[in-house]
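Me: I'm new to reading protein structures, and I'd like a close look at a single part. Could you take me through it slowly and then show me its surroundings?

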Amino acid sequence: MNSRPQIKVPATYMRGGTSKGVFFNVADLPASMQAPGRVRDQVLLRVIGSPDQYGKQTDGMGGATSSTSKTVLVSQSTQADHDVDYLFGQVSIDKPVVDWSGNCGNLSAAVGPFAIAQGMLDAGRLPDNGIVEVKIWQANIAKTIVASVPIKDGEVQEIGDFELDGVTFPAAEIELAFMDPAAGDGDLFPTGNIVDDLAVEGHGVFLATMINAGIPTIFVNAADLGFSGKELQSDINSDASLLTKLEAIRLSGALQMGLANTLQEASASQHTPKLAFVAPADSYTASSGKLVDREEIDLLVRAMSMGQLHHAMMGTAAVAISVAAAVPGSLVNLACGGGNRNAVRFGHPSGTLKVGASASLVDGKWQASKAVMSRSARILMEGSVRVPASAFD
């Protein structure tokens with residue numbers, strides 16, 4: 001009988017934006033977890049409670065949704081002029097997989113507060129009251145994020161009046177600036193086109209804007225899917241055939257974007273790319289029961305995350321929305337009514353979100369210098385998470 005004791009690993013459970021995850025200071029981790037590899041993934045899977053054939057993650061810290069099956073590793077930065085390195089792991093619920101292919105924009109909001117709470121910034125930089133900028137190196141995608149974290153009485157201010165649709169309680173606002181959000185050489189459109197014909201075997205051809213900003217994202221028109229753009233989770237996530245169709249579109253887009261060479265290779269990464277569908281602004285009732293009036297928003301957006309319709313909007317996809325809206329002729333821009341835009345407010349299943357970005361043509365290629373949005377974060381629990389010793393074998 002396996003009766004070995006559990007191992008205590010220092011950890012902090014945090015909400016960031018509309019997501020939750022288990023945060024680790026790399027310096028506090030056992031040596032076997034400090035480097036990429038099988039042991040690190042095994043331990044993180046066990047922490048979250050995956051893989052779980054029941055889809056509940058009852059025996060772990062996960063919440064059985066893509067928004068709550070997340071892990072974060074933070075360390076002193078290896079990059080010049082940065083404070084910390086931030087590595088994000090999206091944990092599959094039903095498969096033994098930790099996906100390291102992209103960032104989590106929502107949990108990005110919690111990285112600065114976590115680093116400050118862990119003493120990873122020089123105390124002399126913290127005002128008694130005011131804002132401190134935390135410069136974060138996002139290690140998954142090799143990009144910079146600047147978090148403006150509020151400080152009150154020398155500590156991170158967590159409670160405030162900022163309301164974020166998708167989060168029940170108000171909190172203190174944290175502004176995030178995603179610098180140079182396009183992947184690779186800065187070209188936003190890996191196919192070279194603002195709008196493509198995306199052929200999906202067995203399902204037809206769809207107009208698509210495929211963009212590399214925040215996270216690679218495929219935008220299609222809601223109407224082309226037979227949707228209104230006002231769908232909630234209950235309209236999508238219980239329909240297995242519809243989910244299969246949406247996943248087929250996502251996989252075909254991954255191939256056309258050059259993110260994978262085969263459909264099998266693309267299916268191995270549920271986290272990247274994202275699939276979203278857009279529609280012109282219209283009034284609808286959000287999942288909270290709140291009425292969103294068409295006059296409040298510029299467009300409607302719904303997005304898929306880990307095979308399910310997201311309950312609100314992923315932060316990285318919000319970056320993609322903001323940048324795509326700034327490019328005339330993209331499907332996102334057209335859903336807004338076209339023209340030049342540097343900010344949009346979009347409607348999602350939980351309510352609305354305002355995001356800002358600017359894009360410009362440089363030597364024939366569209367580029368974006370930064371995208372900005374506001375989030376909030378809060379420590380929910382801190383101390384240690386207990387992990388069965390067998391996870392370290």
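How many of the residues of helix 6 (residues 315-325) are buried, and what does that say about its place in the structure?

Reply: Happy to! A word on the model before we start. This is a predicted model, in which local features need pLDDT of at least 70, side-chain atom pairs count only at pLDDT 80 or more, and totals for chains, interfaces and linings use all residues. Residues are numbered from 1 along each chain as its sequence is written, and side-chain values use heavy atoms, with hydrogens and water left out.

Now to your helix. Eleven of the eleven residues of helix 6 are buried, so the rest of the structure largely encloses it. Here "buried" means under 20% relative accessible area, while exposed is over 50% and partly exposed is in between, for a 1.4 Å probe and protein chains only. A "helix" is a DSSP run of H or I of at least four residues, a strand is a run of E of at least two, and both are numbered from the N terminus. You can follow the buried residues one by one: G315, T316, A317, A318, V319, A320, I321, S322, V323, A324 and A325.

Let's use A320 as a doorway to the next stop. A320 is one of the buried residues of helix 6, and A320 is also in contact with T217. Contact means heavy atoms within 4.5 Å. T217 belongs to strand 12 (residues 215-221), and T217 is buried too, with a relative accessible area of 0%. Leaving aside neighbours within four places in sequence, T217 also touches T209, M210, I211, M257, P273, K274 and A276. Closer to home along the chain, the T217 side chain reaches the backbone oxygen of I215 at 2.8 Å.

Stay with strand 12 for a moment and move to the loop between strand 12 and helix 3 (233-236), where L232 sits. Setting aside neighbours within four places in sequence, L232 has contacts with T285, A286, S287, L309 and P349. For a sense of distance, take L232 and N106: these residues are 126 apart along the chain, and their C-alpha atoms are separated by 20 Å.

I194 makes a useful contrast with T217. I194 is partly exposed, with a relative accessible area of 22%, and lies in the loop between strand 9 (174-179) and strand 10 (196-200). Apart from neighbours within four places in sequence, the contacts of I194 are F189, A208, T209, V327, P328, G329, S330 and W366. For one of these partners, V327, the sequence separation from I194 is 133 residues, while the two C-alpha atoms are 8.2 Å apart. T209 may ring a bell: T209 is on the contact list of T217 as well.

Another helix is worth setting beside yours. In helix 1 (38-48), the buried residues are V39, R40, V43, L44, L45, V47 and I48. These residues pack against strand 2, strand 3, strand 4, strand 5 (98-99) and strand 21. Just after helix 1 comes G49, which takes a positive phi of about 100°.

Continue along the loop from helix 1 to strand 3 (70-76) and you will find S67. S67 is buried, with a relative accessible area of 4%. Its side chain makes a polar contact with the side chain of H311 (3.5 Å). A polar contact is a pair of N or O atoms within 3.5 Å; within protein, one must be able to donate a hydrogen and the other to accept it, and residues adjacent in sequence count only if both atoms are side-chain atoms. Beyond neighbours within four places in sequence, S67 is in contact with T18, S19, K20, H310 and H311.

Finally, step back to the whole protein. There are seven helices and 21 strands, and the C-alpha atoms fill a box of roughly 55 × 55 × 45 Å along the principal axes. Of the 393 residues, 55% are buried. Among contacts between residues at least 6 apart in sequence, 64% join residues at least 24 apart. Against that background, your helix 6 has eleven of its eleven residues buried.
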